[in-house]
Amino acid sequence: MKIVFSTRTFGRHSKWKWQQDKGVIMAEAAQSFDKPFDKAQESLRAESLPETRQPIGWAGKTLQEMIAESERLLVETGHYWGVERLSLKEGDPIRYEKIWSRLRGGIVGARETALNISASPIVREIGELCFGLFTPEGDSITLSTGIMAHVHTMSEAIKHMVRSGYETDPEIHPGDVFVNNDPQLGDVHNADVMEMLPIFYEGEVVGWAAGVTHETDVGAPQPASMPVGTTSRYEDGWILSCQKVGTHDKLRRDYENRINTAVRTPFYWLLDEKCRIAGCRIIRDNVLRLIQEEGLDTYKNFIREVIEDTRRAFQNNLRMMTVPGTYRFPSFMDVTHAIDRGRMPEYAAVNSLMNCPLEMRIGVDCSFELDVDGAGKWGYHSFNCTPSGLQGGLWVALCQTLIPNDKVNDGAYLATRFNTPYGTWANPDNPAVSNTLSWMFLIPCFTGMFHGLSTAFVARGYLEEVVAGYPFTGNLTQGGGPNHLGNPNGAWSNFEHSCCGTSARYIFDGETACAAVWNPEGDMGDVEAWELLEPLLYLGRNIRPNTGGPGKFRGGLGFESIRMVYHTPYQVMFNGREGHVFQCSGLFGGYPGATGYRHSVKKTDMKERIARQQDYPVRDVDPENSQVEAHVKGEILKDQNLYHIPDPHREYDLYISLLAGGHGVGDVLERDPALVISDLNEGYLLPRYRGSIYGVVASQGQDGKWVLDAPATQARRAEMRQQRLARSQSVEEWMAQTRPRVEKQEFIEPVRKMYRQSHELSEKWRREYREFWGLPEDWQPAQDI
Amino acid sequence: MATKTYDKKTIADLIDARLPWTEVKNMMSSYKDPDRFDKYLEILQESVPWDERILLPLGPHLFIVQKAHGEIVTKSRSGFEFGDYRENWKLKARIFVRDTNEKYEEIYPHLSHADPEWMELREFYDPIDGTLLYVEAVPPGYPIVHNFQPDIEAFYRDWLGRAL
């Protein structure tokens, strides 16, 4: 069974039956902008018990009727709400742009103002928040910067409430506050909590203001916001499934009480709630002021027209910048819970390999389809995804590729389709899977989309847009335990992984320590801010050599943080990133960025070193010549198992976090030797790799500076090209050698399991695999041994 | 909205990575120039040592070209022909597979590369001059990926408004 989850089918939502309760009806009082909002709320409440309640949609319709009509018109006319002519834009373009700028500016201003209410470094320092304005049916009109993935996940949550009949139960009134962090309804993972406030004008819902922030802790059995090692939804922590938690723009006391008991960091959670509500109120006030000045009908026409405008702009850009065809860029992720045997259920304590065979299809009719047919099965781990999460990932990728210069809203999303086969990690047939770290599979998946679009941009000559995707955003450092402030139940999620190196472009190296796919304007945060929250000191934070993927243009470099557990008897700590696999390839001959590894030194002599004022490690630099290990004594933990249940660390233990670099573009032997010399002199390239990767011959002067030997480099590179041809073989020969191993599936169990699952879940995958390797029709991958 | 356009030298500088960042940034922030493709093809055509007409670039060294008698093939800058453009060009390339720690560690430090039991790097070289055309990172046993299958005829006919 396949479910095509798209704007045109909404198949996943069909299960959400709602009961219309016609007995609960309320009369709406008209609200005008010059009437103080709180008084308007009071008057509405006073009138909220009468026997008859009018629908809150437009022209006497319910919101549910509006969403059905919107979808019908899109299918029947091909245009959002059947808007065939952009009459406002064409008739008065200045006014059209002015309205847009006011709405957009209001939302950006709301974000910048509201984040100051939060106390969490994740929100204040990193900017892990985003606001959006939505239509009454839940389509996004405009959004702020920040974690833009949630512009569409919030849309999904609003649509869920509309489809489920919230209009009649629990009812939707002015000043109501709804909260969601349920990935099954509209989210990526429950760490991202969203507030949604309806905007009423004269008794009608004219839109929704919504905002999302990333929390510090979610009240799971393990501390922090994105626990690793959870095997089902029942271990994911606190999940709020589109709940009404406030009225009159305020949280209910019972909900505030629950916050205090549900999570380890209620202080941050509560202030984040207030941050989101404040942002939504700013957006609402801005919308009401605009309606007052421009008129309700103009506003109503505008919000539909601007979404249709963006839908068309997306298709125009597709036609302008790409080439119709099929693009395939698979990606992978290792899951390494075999090391947790005895500490996790037996069925969950296994190693797995995620297969994401992303196919992107661009039609000559400007259709845009993503398809992960062939993906593997969901698992008893934290990394499963929901279709809602995938839509969020698609959205954040679109913002950075095909619609960066146009009005950004759900119009682009409406022009796309996404096939997420049922039963896979992308659309589990088990509603109780764990989703705490869906990004671990989402990020590789959407790297494939960046690669596909970059291939198209190269074909059309728009080389300035080419980028080899993002690296995986890790290492993700999280933990908890008794903290330095006396809290026996501390929890923290460090977000310096918002600043991984970005991948190379067609014409430039990638940026070092720069951004994350889910928050392209992310910040690593000051070490002092993290030290306030976490009982760990930063001994050092340095750019890490050789982390960017080599190429004619190399990936931007990642960095390393050397942390020491301090002022606590112990902390449990996680890692999180790829270790045994590259998540994807580079582009046009570029290599992928380096993988990560976990690295701790336990039972150290740091306390004694500090007391004696001896040297201590402030950098690590090279895994084969670790400067940490050279400057401290202790038990070394160093392996590629980066997904594991919390690992206890004691005071003065060291934890080294390696942040990823981006992927490379182009042949390494075409890299300008001057750039290689520059990297050597900056400490970005370990000297022993100047020859083996780049064929550069150089020597180090007495001042320590590297100097190029250009003729020798030219000769060395010519020699290396000949060596490539000498040690390579034809693909035909290689396939003949490899085929017996494939037929017998002589691979490690995670690889065998990956092939088994893809064969079980996809007829297309089965057929193409057998055809490629020339296997008989009745061939099946080996069963588990 | 005025239609943006760039002169041929600017596009040539972009291709050769000689354009300053500020100009590239302005290009990124502007609406796209509709005549880019034709200028781009013209510059690329002048840069290759053979005469077949370039229909679609696949990368810095690979092109889909039309031969004199109409056959459409994938061809490298060095002049190697990989056969019909609808077939995966990688199948006609030279291949070198990094599937041991020793091979990996020519490129990556220890522990900073994939585990060869989980994943291998397949390097596809131009059979004439040894240019590294693509690096594929996949688990052992994964079919060679056909990254891009363009619908060239429809592209020219329906999007560019001209025959091949």
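How many residues of chain B are in contact with chain A, and how many of chain A with chain B? In this predicted model, the count is 65 residues of chain B against 74 residues of chain A. The views below start with that contact and then move on to other spots.

**View 1. The side of chain B that touches chain A.** Plenty of elements chip in here: α1 (8-15), α2 (21-29), α3 (36-47), β1 (53-57), β5 (94-98), β7 (132-138), β8 (148-150) and α5 (152-160) of chain B each bring at least two residues. The biggest giver is β7(B), with 7 residues. Sorted by class, this side of chain B has 43 nonpolar residues, along with 11 polar and 11 charged ones.

**View 2. A strand pairing between the two chains.** Strand β26 of chain A (residues 729-730) runs antiparallel to β5(B), and 2 bridges join them. Look for Gln729(A), which sits opposite Ile95(B) in β5(B). β5(B) also turned up in View 1, as one of the elements supplying at least two residues to the side that touches chain A.

**View 3. The two domains of chain B.** Chain B splits into domain 1, covering 1-47, and domain 2, covering 48-160. Going by C-alpha atoms, the centres of these two domains of chain B are 25 Å apart.

**View 4. Strand β2 of chain A, mostly covered.** This strand spans residues 129-134, and 6 of its 6 residues are buried. Leu129(A), Phe131(A) and Leu133(A) point one way, while Cys130(A), Gly132(A) and Phe134(A) point the other way. That fits the usual habit: side chains in a regular strand alternate between the two faces of the sheet.

**View 5. The neighbours of β2(A).** With β6 of chain A (residues 204-214), β2(A) runs antiparallel and shares 6 bridges; here Leu129(A) has Thr213(A) as its bridge partner. With β3 of chain A (residues 140-143), β2(A) is again antiparallel, this time through 3 bridges, and Phe134(A) faces Ser140(A). β2(A) and β3(A) make a hairpin with 5 residues between them, and Gly138(A) in the turn has a positive phi of about 105°.

**View 6. An open sheet of 4 strands in chain A.** The order is β16-β15-β19-β22, with antiparallel pairing. At the edges are β16 (490-493) and β22 (647-650) of chain A, each pairing on one side only. From one strand to the next, the twist averages 25°. Zoom in on β15(A) (residues 478-481) and β16(A): 4 bridges join them, and Gly480(A) has Ala491(A) as its bridge partner.

Conventions: Residues are numbered from 1 along each chain as its sequence is written. Chains are lettered from A and ligands numbered from 1 in the order in which they are written. This is a predicted model: local features need pLDDT of at least 70, side-chain atom pairs count only at pLDDT 80 or more; totals for chains, interfaces and linings use all residues. Domain bounds come from an automatic or database domain assignment. A residue is buried if 20 or more other C-beta atoms lie within 10 Å of its own, exposed if 12 or fewer, and partly exposed in between; C-beta atoms are placed from the backbone. Two strands pair if DSSP finds at least two bridges between them. Axes are lines fitted to C-alpha atoms, for helices over the stretch in contact, and angles run from 0 to 180 degrees between N-to-C directions. Two residues are in contact if their C-beta atoms, placed from the backbone, lie within 7 Å. Ala, Val, Leu, Ile, Met, Phe, Trp, Tyr, Cys and Pro count as nonpolar, Asp, Glu, Lys and Arg as charged, and the others, Gly among them, as polar.
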